[in-house]
Amino acid sequence: MAGKTLFDKLWDAHVVKHVEEGPDVLYIDRHLIHEVTSPQAFAGIEKRGVPLFRPKQTIATADHNVPTQDQHLPIKEVLSRTQVEALKTNCEKHGVELYGLGHANQGIVHVIGPELGITQPGMTIVCGDSHTSTHGAFGAIAFGIGTSEVEQVFATQCILQNKPKSMRIEVSGELKKGVTAKDIILYVISKISTSGGTGYFVEFAGSAIESLSMEGRMTVCNMSIELGARGGMIAPDQTTFDYIKGRDFAPKGEEWDEKLAYWKTLTTDADAEYDKVITFDASDIEPMITFGTNPAMGIKISGSVPLPNGDQSYRKSLDYMQVEAGASLKGKPVDYVFIGSCTNSRIEDLRAVAKIVKGRKKADNITAWIVPGSKHVEAQAKAEGIDKILEEAGFELRQPGCSACLAMNEDKVPEGKYCVSTSNRNFEGRQGPGARTMLASPETAAAVAIAGYVTDASEYLN
Amino acid sequence: MEKFTKIISPVVPLPLENVDTDQIIPARFLKSTSRDGFGENLFRDWRYKKDGSENADFVLNNVKEGEVLVAGKNFGCGSSREHAAWAITDYGFKVVVSSFFADIFKGNALNNGLLPVQVSEDFLQSILAQTKAHVAVDLEAQTITLQETGEQESFEISAYKKHCLLNGLDDIDFLLSNKEAIKEFEISSRIYSGTPTTLK
């Protein structure tokens with residue numbers, strides 16, 4: 001019998017039952033919730049009169065809608081405040097642990113899960129947010145769900161899911177100097193398209209992936225949804241175990257030894273077969289930036305915008321972005337730099353930015369926002385003096401939240417303005433109505449903030 | 001959930017690819033705590049100009065009738081917001097036709113009685129080539145017919161989901177009926193027990 005992929009092993013271990021000619025009843029180990037996609041699900045179980053089945057496997061935080069300034073004050077915007085208050089009321093009523101505004105553990109849901117040790121190898125993790133794929137970096141099956149599915153998990157700790165097909169994306173070889181995890185995933189998406197992974201669950205592998213830190217692996221898995229894939233995962237290894245050890249919710253003592261022994265078994269068998277395998281050579285990857293209105297519209301910063309092929313959607317996209325086919329983006333003036341989001345707001349990202357901007361000043365035409373992913377990241381940045389470096393360079397260090405990644409709060413890029421952003425989506429209006437987003441790594445974003453125009457970080461990396 | 005049977009309707013054509021859920025309903029309109037009223041802001045930034053007036057070029061402002069939305073491939077990509085499905089149903093659509101759907105959107109649609117009908121690229125182009133197309137969608141037979149030309153295709157849907165839609169059942173009813181099996185699974189097969197979460 002052929003071996004099994006890591007994904008197969010974990011999926012099969014969580015199937016409570018298979019519905020004939022239908023989906024699997026999949027057991028969920030951890031359910032993360034936030035203020036935007038949970039209220040209707042709480043209302044749903046209340047209407048049915050069923051209790052929240054396993055509140056202790058549920059963790060809540062407020063992130064999507066929260067202001068990133070003056071978080072100690074009541075939220076000014078009425079609708080946002082109502083949503084955040086509803087989360088608090090619902091969590092109290094149903095016995096769910098909430099890391100709300102002001103709590104030391106608050107932050108972007110996909111930043112706090114890993115940093116608190118809630119995310120562990122071998123788990124099934126869901127959240128009403130597509131970037132739940134982030135947690136796959138630990139060798140977990142993690143994916144985003146809709147609110148009806150949030151309600152399913154509330155009611156039964158299970159959801160009905162058809163098992164996706166398996167895809168292996170291998171990135172092997174040595175990365176060039178200055179090439180980051182973000183560049184890897186933007187490169188992969190630009191090659192596979194935003195629908196190339198639809199119907200699949202991806203396992204990322206290969207020496208370039210293995211060489212990444214946990215933060216880097218999270219960035220890669222985070223954006224697997226931008227391939228259309230439901231999620232991405234990376235087999236756990238020593239890097240993973242070292243990251244988890246000692247975190248608040250990590251296993252301790254004897255339990256640690258038991259779990260570690262189990263985690264070490266979480267690999268794909270040598271003779272396992274995937275439904276699809278795609279391989280890339282790490283040395284082909286260069287610092288990337290997007291020019292269009294979906295994450296697959298990415299190019300090397302040294303490259304030029306591809307010529308149109310008569311496709312209406314492509315022309316609409318270039319028109320929205322006001323970029324010229326055939327032209328290079330290098331030297332294009334930029335107005336905003338946003339460093340944050342569940343893709344790139346971890347301490348390693350802030351350190352990378354600080355390294356580049358230290359002793360330098362942002363360009364006058366740039367407004368630079370840096371929004372740490374969590375209260376712990378914020379505290380760590382302060383402990384390391386990163387806050388001072390950023391402030392001296394003219395960056396605004398804000399408080400944790402999703403912020404300008406989706407612009408649900410006040411952090412909006414104005415119409416027509418260009419923003420080089422470390423977030424994950426460059427859709428029309430994503431960062432504010434009419435805003436023009438270019439996705440890039442924290443290193444590139446920092447270099448752009450200093451230069452005032454599109455450039456890569458090479459001249460600032462010494 | 002309302003039962004889905006068969007419909008014959010004019011189509012509302014949106015011949016764009018990769019329509020993401022941020023376009024279907026922008027994030028700034030996700031602040032409600034109920035499921036209702038999202039149709040008002042369906043395709044908000046394409047449908048209205050900055051001053052709030054209607055954008056005359058956008059299809060929803062020209063074609064006022066029709067329960068079937070027809071869009072280019074990779075419809076519903078991006079954010080998992082179920083609000084996208086709620087906005088489409090609240091506006092009055094019962095079916096979305098495309099040559100390819102994003103996974104999460106498809107699931108969300110089915111969970112709200114909105115039928116995603118995946119057709120071939122050729123069939124999609126046949127619909128879009130008509131100035132005023134009508135389609136008949138028969139869930140029982142799993143067929144879609146372009147009324148003007150008689151062209152017909154069958155579409156796929158899992159037997160389970162078909163049963164749910166035809167009978168107006170939802171997944172939670174089904175899962176709740178399996179609670180004993182879930183409890184047994186927790187005892188026999190689980191690796192991770194509930195985290196003792198305490199406020200610190």
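Let's start in chain B, where Asn18(B) sits in the loop between β1 (6-14) and α1 (21-24). The model is a predicted one, and in it Asn18(B) has a positive phi of about 55° although it is not a glycine. Most residues other than glycine have a negative phi. Chain A offers another case: Ser341(A), also not a glycine, has a positive phi near 85°. You will find Ser341(A) in the loop that links β15 (336-339) to α12 (347-357) of chain A. Is Ser341(A) buried or exposed? With a relative accessible area of 1%, Ser341(A) is buried, since the limit for that word is under 20%.

Now follow chain A to a sheet. Three of its strands form an open, antiparallel sheet in the order β1-β2-β8. At the edges are β1 (15-18) and β8 (158-161) of chain A, each of which pairs on one side only. On average, neighbouring strands here are turned by 20° against each other, direction ignored. Helix α1 (residues 6-13) of chain A packs on this sheet and touches β1, β2 and β8 of chain A. The direction of that helix makes about 80° with that of β1(A). Strands of a sheet pair through backbone hydrogen bonds. Looking at one pairing in detail, β1(A) and β2 (residues 24-27) of chain A run antiparallel and are joined by three bridges. For Val15(A), the bridge partner in β2(A) is Leu26(A).

Next comes the nonpolar interior. Which residues have the most contacts inside the largest nonpolar core? They are Ile169(A), Val171(A) and Phe204(A), in a core of 91 residues. Helix α6 (residues 181-192) of chain A gives the most to this core, with eight residues. Val171(A) is a good place to zoom in: leaving out residues up to four places away in sequence, its contacts include Ile184(A), Val188(A), Ala205(A), Ile209(A), Phe280(A) and Ile285(A). Gly206(A) and Ser207(A) are also among the residues that Val171(A) touches. A second core, separate from that one, has 81 residues, including Val111(A), Val334(A), Leu406(A) and Tyr460(A).

Finally, consider the empty space. Rolling a probe the size of a water molecule over the atoms shows where such space is left. Across the whole structure, a search finds four cavities of 30 Å³ or more. The largest cavity holds about 210 Å³ of space and is lined by 25 residues. Which of these are closest to its centre? They are His64(A), Asp129(A), Leu406(A) and Arg430(A), together with Ser79(B) from chain B. Leu406(A) thus links two parts of our tour: it belongs to the second core and lines the largest cavity.

Note on methods:
Residues are numbered from 1 along each chain as its sequence is written. Chains are lettered from A and ligands numbered from 1 in the order in which they are written. This is a predicted model: local features need pLDDT of at least 70, side-chain atom pairs count only at pLDDT 80 or more; totals for chains, interfaces and linings use all residues. Side-chain values use heavy atoms; hydrogens and water are left out. Two strands pair if DSSP finds at least two bridges between them. Helices (H or I, at least four residues) and strands (E, at least two) are DSSP runs, numbered from the N terminus. Axes are lines fitted to C-alpha atoms, for helices over the stretch in contact, and angles run from 0 to 180 degrees between N-to-C directions. Contact means heavy atoms within 4.5 Å. A nonpolar core is a set of buried Ala, Val, Leu, Ile, Met, Phe, Trp, Tyr and Cys residues joined through side-chain atoms within 4.5 Å. Buried means under 20% relative accessible area, exposed over 50%, partly exposed in between (1.4 Å probe, protein chains only). On a 1 Å grid over the protein atoms alone, a cavity is a set of points where a 1.4 Å probe fits but cannot get out, and a pocket is an open set with protein on both sides within 12 Å along at least five of seven lines; lining residues have an atom within 4 Å of a point. Grid points are joined across faces, edges and corners, and a volume is the space filled by probe spheres set on the points.
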